[in-house]
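Work through the exercises below with the sequence and the coordinates open. Each task is followed by a solution in steps.

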Amino acid sequence: MSLPPSPVPSGCGPWVDDGSIHSDRWLLVSAGGSSGRVTIEEDAAADGDLRILHALDPVSGEPQLAVVPPPDWARDW
């Protein structure tokens, strides 16, 4: 299942590299301080347009983001 990319939610705080080897995974911090890992559309990001494909973890401050957990083998990365 492929979800359409979502623009960065308004009022979001910083984006932080999640420290993984995956360049499309970031940590999104909501305006309220909650955070979670998200995947971004790499082609759009290369053009300076950050678009979220989906969250890997629920972000309580951004309930509209679809959550698609990583496969079992990648959950600890």
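A residue is called buried when its relative accessible area is under 20%, exposed when it is over 50%, and partly exposed in between. S34, at 17% relative accessibility, therefore counts as buried. The model used throughout is a predicted one.

**Exercise 1. The chain as a whole**

Task: state how many helices and strands the chain has, and in what pattern they follow each other.

Solution.
- Step 1. The secondary structure consists of one helix and five strands.
- Step 2. Along the sequence the pattern reads β-β-β-β-α-β.
- Step 3. The chain has 77 residues, and 31% of them count as buried.
- Step 4. Its accessible surface is about 4700 Å², with 55% belonging to carbon and sulfur atoms.
- Step 5. Take the contacts between residues at least 6 apart in sequence: 34% of these join residues at least 24 apart.

**Exercise 2. Strand pairing around β4**

Task: find which strands pair with β4, and in which sense.

Solution.
- Step 1. Strand β3 (residues 25–29) runs antiparallel to β4, and five bridges join the two.
- Step 2. Strand β4 itself covers residues 35–40.
- Step 3. Within the β3 and β4 pairing, W26 stands opposite V38, and L27 has R37 as its bridge partner.
- Step 4. The hairpin of β3 and β4 has five residues between the strands, and G33 there takes a positive phi near 100°.
- Step 5. Strand β5 (residues 51–55) is also antiparallel to β4, over three bridges. In that pairing V38 stands opposite A55.
- Step 6. To continue outward from β3, note that strand β2 (residues 15–17) pairs with β3 in the antiparallel sense over three bridges. D17 has W26 as its bridge partner in β3.
- Step 7. As for cover, five of the six residues of β4 are buried.

**Exercise 3. The loop residue S34**

Task: locate S34 and list what its side chain and its other atoms meet.

Solution.
- Step 1. S34 is in the loop between β3 and β4.
- Step 2. A polar atom of the S34 side chain lies 2.8 Å from the backbone nitrogen of G61.
- Step 3. With neighbours within four places in sequence left aside, S34 is in contact with L28, V29, V59, S60 and G61.

**Exercise 4. The salt bridge**

Task: name the residues that meet in a salt bridge, then decide for each whether it is buried or partly exposed.

Solution.
- Step 1. The salt bridge count comes to one.
- Step 2. The side chains of R37 and D57 form it, at 3.0 Å from N to O. The pair links distant parts of the chain, with R37 in strand β4 and D57 in the segment after β5, 20 residues apart.
- Step 3. R37 has 13% relative accessibility, so it counts as buried.
- Step 4. D57 has 24% relative accessibility, so it counts as partly exposed.
- Step 5. The R37 and D57 side chains are also joined by a polar contact of 3.0 Å.

**Exercise 5. V38 and the nonpolar core**

Task: which residues make up the largest nonpolar core, and where does V38 stand in terms of cover and contacts?

Solution.
- Step 1. V38 is found in strand β4.
- Step 2. Its relative accessible area is 0%, so V38 is buried.
- Step 3. The largest nonpolar core has seven residues: W15, L28, V38, I40, I52, A55 and L65. The elements giving two or more residues to this core are β4 and β5.
- Step 4. As background, nonpolar side chains tend to be buried together in soluble globular proteins.
- Step 5. Apart from neighbours within four places in sequence, V38 is in contact with W15, D24, R25, W26, L28, I52, H54, A55, L56 and L65.
- Step 6. As a distance check, V38 and D18 are 20 residues apart in sequence, while their C-alpha atoms are 9.0 Å apart in space.

Key
Residues numbered from 1 in each chain as written. Predicted model: local features only at pLDDT ≥ 70, side-chain atom pairs only at ≥ 80, totals over all residues. Heavy atoms only, no water. Helix = DSSP H or I, 4+ residues; strand = E, 2+ residues; numbered from the N terminus. Polar contact = N/O pair within 3.5 Å; in protein donor to acceptor, adjacent residues only side chain to side chain. Buried < 20%, exposed > 50% of the residue type's maximum accessible area, 1.4 Å probe, protein only. Pairing = 2+ DSSP bridges. Contact = heavy atoms within 4.5 Å. Areas by Shrake-Rupley, 256 points an atom, 1.4 Å probe, with all protein chains shown as cover. Salt bridge = Lys/Arg side-chain N within 4 Å of Asp/Glu carboxyl O. Core = buried A, V, L, I, M, F, W, Y, C linked by side-chain atoms within 4.5 Å.
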